[in-house]
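Let's take a friendly walk through this model, one region at a time. Keep the sequence and the 3D view open as you read.

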Amino acid sequence: MSIDLIVKNHLCTGCGVCVSEDQTHQAKMIWNNEGFLVPSLGKSSTQDKMIKVCPFAIQQKNEDELGELFLKLPETQYHDKIGYYYGLYAGYSKEFRETSSSGGIATYVFNALLEQKIVDHLFIVKEVDGQYAYQFFSNVEEITQISKTRYTPVTLEKLFQELSKVDGKVAVSGVACFVKAIRLKQMYDPVLKEKIAFIVGIICGGLKSRYYTDYLAQEAGCKSEYSHAQYRVKNKESYALDYKFSCIEKSDKKIHMVDMQSLGDMWGTGLFKSNACDFCDDVLTELADISLGDAWIHPYDQSGLGNSIIITRNKIVETLIKNGLNQNSLTLDKVTEGKILLSQSGSFNHRHKGMLYRIMKANKSMKIVPKKRDKHLDEQGIFFNFVQSSRLKTRQKSLDFWLETADNLKFKMKMKPYLDELKFFTLWNHRLIKLKKIIFSKKKGA
């Protein structure tokens with residue numbers, strides 16, 4: 001497998017780490033026609049070196065092997081879906097909750113890392129002139145500027161271009177595939193384990209095309225150029241799922257907003273999602289030092305200000321969390337493994353249970369797919385597979401139709417039959433699951 005094949009088979013999520021391995025320095029990250037960042041190769045780019053750090057390459061170590069290498073210690077616990085960990089929590093940061101996504105725990109951790117000199121710099125996604133990109137950041141007094149969710153493609157390309165010029169240690173945040181790419185880079189260059197001293201994993205429901213933001217902007221009422229997209233405008237008087245998208249139209253400087261619930265399910269349907277995400281089986285960023293995500297479980301999902309699930313995976317971050325509790329900076333509950341799994345149940349159902357079907361379907365079409373962990377490959381029932389097939393179509397059609405129309409109203413009209421089909425199969429799959437549970441409980445009681 002080569003980087004060229006990764007890109008041609010739509011298995012690139014745009015992490016950009018491969019660019020740093022091109023010894024000719026010809027490779028660079030560009031936008032493809034579907035609105036994702038991908039590497040553009042030079043004629044003599046050293047693909048044999050570049051492929052070594054690609055998180056979707058067939059020849060790579062998997063998350064279990066890398067987790068054992070980077071995170072396994074005598075005192076760590078292990079779960080086959082969660083990975084290696086110290087502690088499991090749910091809750092929020094008192095100081096950063098209102099100005100941050102979810103429970104503000106990421107901002108709390110970043111702040112603590114800088115204040116306690118565990119790292120000297122953060123490499124995180126930050127707003128610059130109304131747009132988002134990874135930037136180096138070290139000003140603890142402006143920490144709230146980095147505290148928002150962004151559903152737009154970004155790349156780590158700049159990290160390894162500038163890392164050697166930065167004095168001191170660095171903490172990096174990223175989704176699962178980005179974290180894996182960094183770990184692969186560290187595996188081949190152990191010096192980077194000291195330089196990149198801390199990785200914050202952001203639990204991800206799937207990477208979105210930049211056209212996703214264009215669609216949301218039109219739904220909000222921005223019909224021309226816009227900036228300052230905000231994806232999670234909270235309603236503290238309501239519950240966690242009740243949030244809005246906002247943007248500023250450049251022509252009149254007015255803020256436009258749309259209630260996200262009015263747009264339907266933008267995640268379970270796979271709209272505007274990267275194909276590569278359908279071949280990721282790391283739901284909880286297993287290779288990060290701390291994993292953070294939305295606490296989509298009762299009672300935490302009842303608060304409009306948001307709550308986070310927290311998985312600590314090393315001693316340093318476990319100490320940060322415990323110190324926060326002792327100092328009354330954090331409001332957290334210890335939770336069970338079952339609660340952590342339940343908080344991301346939709347993602348587990350799709351990524352793990354649906355993985356074997358997607359691999360088999362890709363193989364029949366002679367498409368290349370990465371090798372996934374056998375423990376997550378299970379055969380499912382016919383209606384579940386119908387859901388997977390329908391979701392694959394919905395994902396691809398959303399990109400095709402937006403390229404064709406670039407108009408939110410025309411887009412919704414074209415997408416309707418595909419979304420209706422997905423809704424139909426999903427409904428019948430849920431009914432079948434419910435029926436099986438009733439039959440099983442009756443047999444058990446007999």
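K253 sits in the loop between strand 11 and strand 12. Please keep in mind that this is a predicted model. K253 is not a glycine, yet its phi is positive, at about 65 degrees. Is K253 buried or exposed? With a relative accessibility of 63%, K253 counts as exposed, because the cut-off for that class is over 50%.

**Strand 11 and its two partners**

The loop that holds K253 belongs to a hairpin: strand 11 and strand 12 have five residues between them. The two strands of this hairpin, with strand 12 covering residues 255–259, run antiparallel and are joined by five bridges. To find the pairing on your screen, look for I248, whose bridge partner in strand 12 is I255.

Strand 11 also pairs with strand 10 (residues 226–234), again in the antiparallel sense and over five bridges. Here a handy landmark is Q230, which has S246 of strand 11 as its bridge partner. How much of strand 11 (residues 243–249) is buried? Five of its seven residues are, so strand 11 is largely enclosed by the rest of the structure. As background for reading such strands, side chains in a regular strand alternate between the two faces of the sheet.

**A hairpin early in the chain**

Strand 1 (28–31) and strand 2 (residues 37–40) run antiparallel, with four bridges between them. I30 stands opposite V38 in strand 2. Five residues lie between the strands of this hairpin, and G35 takes a positive phi near 85 degrees.

Ahead of strand 1 there is another residue to look at. H10 lies in the loop between helix 1 (3–8) and strand 1. Its phi is near 55 degrees, a positive value in a residue other than glycine. H10 is partly exposed, with a relative accessible area of 38%.

**Backbone features in one place**

The table gathers the backbone angles picked out in this report.

| Residue or bond | Feature | Value |
|---|---|---|
| H10 | positive phi | near 55 degrees |
| G35 | positive phi | near 85 degrees |
| K253 | positive phi | about 65 degrees |
| H298 to P299 | cis peptide bond, omega | near 5 degrees |

The last row deserves a visit in the viewer. P299 is found in the loop between strand 13 (290–294) and strand 14 (308–312), and the peptide bond leading into P299 from H298 is cis.

**Helix 3 and what covers it**

Which residues of helix 3 (residues 63–70) are buried? They are E63, D64, L66, G67 and F70. These residues span an arc of only 165 degrees around the axis, which puts them on the same side of helix 3. The general geometry helps here: an α-helix has 3.6 residues a turn, so residues three or four places apart point the same way. The cover over the buried residues of helix 3 includes strand 3 (77–79), strand 4 (83–85), helix 6 (176–188) and helix 7 (191–195).

Between two of these covering elements, strand 3 and strand 4, lies the loop that holds D80. D80 is partly exposed, at 38% relative accessible area. Setting aside residues up to four places away in sequence, D80 touches K375 and H376. D80 and K375 are 295 residues apart in sequence, while their C-alpha atoms are 8.4 Å apart in space.

**Empty space inside and at the surface**

Rolling a probe the size of a water molecule over the atoms shows where empty space is left. Across the whole structure, a search finds eight cavities of 30 Å³ or more. The largest cavity holds about 100 Å³ of space. It is lined by 16 residues, and the closest to its centre are C12, C15, C18, C54 and P55. By class, this lining has 13 nonpolar, three polar and no charged residues.

The second largest pocket holds about 380 Å³ of space. Its lining counts 17 residues, with N275, A362, K367, L392 and R395 the closest to the centre. Helix 12 (355–364) and helix 13 (382–405) are the elements that give two or more residues to this lining. Helix 13 supplies the largest share, four residues. By class, the lining of the second largest pocket has six nonpolar, five polar and six charged residues.

Notes. Residues numbered from 1 in each chain as written. Predicted model: local features only at pLDDT ≥ 70, side-chain atom pairs only at ≥ 80, totals over all residues. Heavy atoms only, no water. Buried < 20%, exposed > 50% of the residue type's maximum accessible area, 1.4 Å probe, protein only. Pairing = 2+ DSSP bridges. 1 Å grid on protein atoms, 1.4 Å probe; cavity = no way out; pocket = protein on both sides within 12 Å on 5 of 7 lines; lining within 4 Å. Points joined across faces, edges and corners; volume = space filled by probe spheres on them. Nonpolar A, V, L, I, M, F, W, Y, C, P; charged D, E, K, R; others polar. Arc of directions from axis to C-beta. Contact = heavy atoms within 4.5 Å.
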